[in-house]
Every structure is written in structure tokens, then in C-alpha cells.
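Thanks, everyone. I have one structure to go through today, and I will keep it short. Please look at the screen.

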Amino acid sequence: VIIHGHQRAFYKPATDTLHLPSPGCFQSPAAYYATVFHELTQNADTRIMPRRMWSARCQRAFRRGYTA
């Protein structure tokens, strides 16, 4: 669920909601959608990635571009 009318963009895990300023506050539709996708993907690892993949070793490998 996307809720508009906030001062800033953020994702709230407790309610699984995305909070955004009104679409008219953005410079362009592209800026609006870039913010939406940024907020959605920023939290994707906590929702879809298994916890075991985020061990310190896997994090280092991921940053280097290796598969875990």
C-alpha cells in the first residue's frame, strides 16, 4: 500500500506500507517512480532474501559481485 501526503519517503515494515509525498511534489513522473522503486527495493532484502545469505562472508562476496 502506498500512502501519500508525507513530508518524506519511507517504508514502514510494521504495516508493510510505503509513505510518500504527493506525486505533485516531485519534479517529474520519473522522479516519483524512481523514489517509489528505491524505497521498495531498499527493503527487499529483509522480505525476500533468506537470512542465512546475509552472513558477513556472503555480504562481502555479494559486494564483490560473486554469487553466494
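The accessible surface of the protein chain is about 5400 Å², and carbon and sulfur atoms account for 56% of that area. Keep in mind that this is a predicted model. As for burial, 21% of the chain's 68 residues count as buried.

Now the layout. The protein chain has three strands and three helices. Going along the sequence, the order is β-β-β-α-α-α. If you take the contacts between residues at least 6 apart in sequence, 18% of them join residues at least 24 apart.

Next, the core. Which residues make up the largest nonpolar core? There are six: Tyr11, Leu18, Leu20, Phe26, Tyr32 and Val36. At least two residues of this core come from strand E3, which spans 17–20, and at least two come from helix H1, which spans 29–42.

Stay with Phe26 for a moment, since Phe26 belongs to that core. Leaving aside residues up to four places away in sequence, what does Phe26 touch? The list is Pro21, Ala31, Tyr32 and Thr35. Of these, Tyr32 is also a member of the core.

Last, Gln42. This residue lies in helix H1. Why does Gln42 count as partly exposed? Because its relative accessibility is 45%, and partly exposed covers the range between under 20%, which is buried, and over 50%, which is exposed. Gln42 can also be placed against Tyr11, another residue we met in the core. In sequence, Gln42 and Tyr11 are 31 residues apart, while their C-alpha atoms are 8.8 Å apart in space.

That is what I have.

How values were computed: Residues are numbered from 1 along each chain as its sequence is written. This is a predicted model: local features need pLDDT of at least 70, side-chain atom pairs count only at pLDDT 80 or more; totals for chains, interfaces and linings use all residues. Side-chain values use heavy atoms; hydrogens and water are left out. Helices (H or I, at least four residues) and strands (E, at least two) are DSSP runs, numbered from the N terminus. Buried means under 20% relative accessible area, exposed over 50%, partly exposed in between (1.4 Å probe, protein chains only). Contact means heavy atoms within 4.5 Å. Accessible areas come from the Shrake-Rupley method with a 1.4 Å probe; for residues, only the protein chains shown count as cover. A nonpolar core is a set of buried Ala, Val, Leu, Ile, Met, Phe, Trp, Tyr and Cys residues joined through side-chain atoms within 4.5 Å.
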